[in-house]
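Me: Could you take a close look at one part of this model for me? I would like to hear about the empty spaces in it.

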Amino acid sequence: MSTELLVNVTPSETRVALVDHGMLQEVHIERQAKRGIVGNIYKGKVSRVLPGMQAAFVDIGMDKAAFLHASDIVPHTECVDVKEKEHFQAGNIAELVRQGQDIMVQVVKDPMGTKGARLTTDITLPSRYLVFMPGSAHVGVSQRIDSEEERERLKQIVTKNVDELGGFIVRTAAEGVGEKELEQDTIFLKRLWRKVLERRQKYPTCHVLYAEWSLAFRILRDFVGDELDKIRVDSRQTYEQICHFTDEFVPEMSAKLDYYSGESPIFDLYDVENEIQRALERKVELKSGGYLIIDQTEAMTTIDINTGAFVGHRNLEETIFNTNVEATAAIARQLRLRNLGGIIIIDFIDMQSEDHRRRVLQSLEQALAKDRAKTGVNGFSQLGLVEMTRKRTRESLEHVLCSQCPECNGRGRVKTVESVCYEILREILRVNRAYDADQFVVYASPAVAEALRGDESHSLAELEVFISKQVKVQAEPLYSQEQFDVVMM
């Protein structure tokens, strides 16, 4: 079996699935309506200089002029003329730009309401492991990489690739990455910057020189150097665009591209569509009969392992160990598939053997090794829980595809019909004490109304006798189970 990327394109949405040996491992989703322009590079024209605000308005070809503050203009970029660099005075906008001047800028904040985009001349180009800084000879390493030895190793590798075009920042994701992958990123970024410079000479003013890529292109950028066997695209137009992109920037991937023209939808291959639906459920079945329960909260994600129907063939301790080992592979896959980040607490089934604990941790670390996001496993706590972290790279699958339940407001539970019935009876008593009414009408969901007329009718009858007033029940189809109204007549 092979490793494939399946790219499904519709006018409103692009989805990319990573399938490894016939099993879905990652899903990436981008909706057209939510795409912004942050990261785009433009050849703009200064339309107005405002010394009082220490800022300038720049025409980048959009409806509203974009905003460039003096503090966002840096002298090492090629946006400022050579003569102007000699007279550069930080913070003095009149010395930095002039009206009518062509200037190369990058968007750092999307337009919002009546405000135009926020710009900078400090242009950067990101890749999977590096950030390219045009015009700089500097190599920096992310502060989040703690090991001084690793920081030095990464710096030495990247420094060899610095030339007159610019320098680099090594991203956190580069920790532990080999020399080959880092060099591929430097080649890719330099290629990309040369194209931007070519376009600046060729394109007219108020024109985009580089647009932050759509999902299909970002995925290709991020997977450069990975062992992909095939990239299938189900849109002829997108396929041709990707072919042009790979020929220009990553020619080593061109031979892997394939236009998918099959009769069945591309995500029906390898059962991807159904796997996405299963990834939204709390319960994950294991082949042995055991299962996981995954709960995602705002603070953390918890994963509970249970033996379920798995009874084993030898003894209980062996059964527990085997279930926990099997769960480690499932957990690693679910973290990638659901894109769960932050703090993750895993409640393995209790093991008495210290050797079993050690082997389960080893199995978990091996399973996580394939994850492109940075992970850290802290081992078993005093309570027998495994604490780990996974770097947040984007919104989780659940947050992209789902919204908060309007009925339970995110609690994950609703009151039982019985509980709502008793709540209604208490409310009638409260209202009766406070106000003078001839009778009451209860508006409730069909299930609650049916219960008040059936199983709870005796309770309602006793209440009517107690307050000496009639209570009518009216079913409201649009009411949720917890929703009701007690109306005085």
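How many nonpolar, polar and charged residues are in the lining of the second largest cavity?

Reply: Happy to help, and please keep in mind that this is a predicted model. The lining of the second largest cavity divides by class into 4 nonpolar, 2 polar and 2 charged residues. Those residues are Ala279, Leu280, Gln296, Arg338, Leu340, Ser396, Leu397 and Glu398. The space they enclose comes to about 40 Å³, and the search of the whole structure turns up 2 cavities of 30 Å³ or more.

Some of these names come back in the pockets. The second largest pocket holds about 880 Å³ of space. It has 33 lining residues, and the closest to its centre are Gln296, Thr297, Glu398, His399 and Gly410. Strand 17 (291-296), strand 18 (300-306) and helix 10 each give two or more residues to this lining, with the largest share, 3 residues, coming from strand 17. By class, the second largest pocket is lined by 8 nonpolar, 12 polar and 13 charged residues.

Then there is the largest pocket, with about 1400 Å³ of space. Among its 50 lining residues, Arg218, Arg221, Asp222, Thr393 and Arg394 are the closest to the centre. Helix 10 (397-401) is one of the elements giving two or more residues here, and others include helix 5 (215-222) and helix 8 (316-338). Strand 3 gives the most to the lining of the largest pocket, 6 residues. The classes in this lining are 16 nonpolar, 12 polar and 22 charged residues.

Notes. Residues numbered from 1 in each chain as written. Predicted model: local features only at pLDDT ≥ 70, side-chain atom pairs only at ≥ 80, totals over all residues. Heavy atoms only, no water. 1 Å grid on protein atoms, 1.4 Å probe; cavity = no way out; pocket = protein on both sides within 12 Å on 5 of 7 lines; lining within 4 Å. Points joined across faces, edges and corners; volume = space filled by probe spheres on them. Nonpolar A, V, L, I, M, F, W, Y, C, P; charged D, E, K, R; others polar. Helix = DSSP H or I, 4+ residues; strand = E, 2+ residues; numbered from the N terminus.
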